[in-house]
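This briefing covers two topics from one protein model. Please view the sequence and structure below before reading on.

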Amino acid sequence: MLFDAAIYREHHWHEQVKNEIVEDVEIMKLVKAASYNGEALLANGMVSCRMYKSYIDAIQGFSKNFLAAFNYNVLGFLIYIILVIGGPMIVMTTLDFHLIFFMLGLILLIRIMNSLSAAQNALFNVILHPLQMFNLTLIAFLAIQKYLTKTNVWKGRRI
């Protein structure tokens with residue numbers, strides 16, 4: 001995130017969100033609430049960050065904050081997961097070749113467009129789609145479970 005230094009010092013956005021799970025999202029909410037402009041932009045290779053050291057760390061990390069994108073609305077999150085994961089499964093059960101072909105074409109097109117916009121390898125992204133959907137399901141399950149049981153722990157502290 002880039003800020004005008006004077007405005008940033010005036011509002012102390014990081015200080016205001018220091019106890020939040022997803023600080024960047026909460027900061028952007030504050031920026032917007034104060035009527036300032038803010039956008040999420042792709043850096044396309046200009047910035048890099050290794051958020052997690054292992055697969056388990058990544059699953060735990062994403063599950064801690066995935067619900068934040070849905071403003072902690074579990075029902076809305078479940079509807080999203082059912083549509084993204086369950087929708088294609090339901091289409092597959094129809095055994096309607098044309099419908100299945102259409103659905104697979106849409107998935108392929110979305111994967112390619114996302115890959116190109118993020119300067120990623122499109123073929124690699126398409127091949128890994130089933131694994132990504134499995135991990136999305138796992139993250140969704142853990143996110144809801146941690147949220148409902150209030151057992152979210154991150155970097156040794158309960159959040």
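Which helices do the buried residues of helix 6 pack against? They pack against helix 5 (74-93), helix 7 (122-127) and helix 8 (129-149). The model is predicted, and the points below take helix 6 and then K146, a residue of helix 8.

**Helix 6: extent and ends**
- Helix 6 runs over residues 97-117 and has 21 residues.
- From first C-alpha to last, helix 6 reaches 30 Å, close to the 30 Å expected at 1.5 Å a residue.
- At the N-terminal end, D96 acts as the cap of helix 6, with a side-chain oxygen 3.1 Å from the backbone nitrogen of H98.
- Just after helix 6, the phi of A119 is positive, at about 55°.

**Helix 6: buried and exposed faces**
- I100, M103, R111 and S115 are the buried residues of helix 6.
- These residues lie on the same side of helix 6 because they cover an arc of only 105° around the axis.
- On the face turned away from that buried side, helix 6 carries the exposed residues H98, F101, F102 and L116.

**K146 in helix 8**
- K146 is located in helix 8, and this lysine is buried yet has no salt bridge.
- For K146, the nearest side chain of opposite charge is that of D57, 9.8 Å away; a salt bridge would need the nitrogen within 4 Å of a carboxyl oxygen.
- Leaving aside residues up to four places away in sequence, K146 touches Q60, S63, T151 and N152.

Notes: Residues numbered from 1 in each chain as written. Predicted model: local features only at pLDDT ≥ 70, side-chain atom pairs only at ≥ 80, totals over all residues. Heavy atoms only, no water. Helix = DSSP H or I, 4+ residues; strand = E, 2+ residues; numbered from the N terminus. Expected span 1.5 Å × (residues − 1). Buried < 20%, exposed > 50% of the residue type's maximum accessible area, 1.4 Å probe, protein only. Arc of directions from axis to C-beta. Contact = heavy atoms within 4.5 Å. Polar contact = N/O pair within 3.5 Å; in protein donor to acceptor, adjacent residues only side chain to side chain. Lys, Arg positive; Asp, Glu negative; His and termini not counted.
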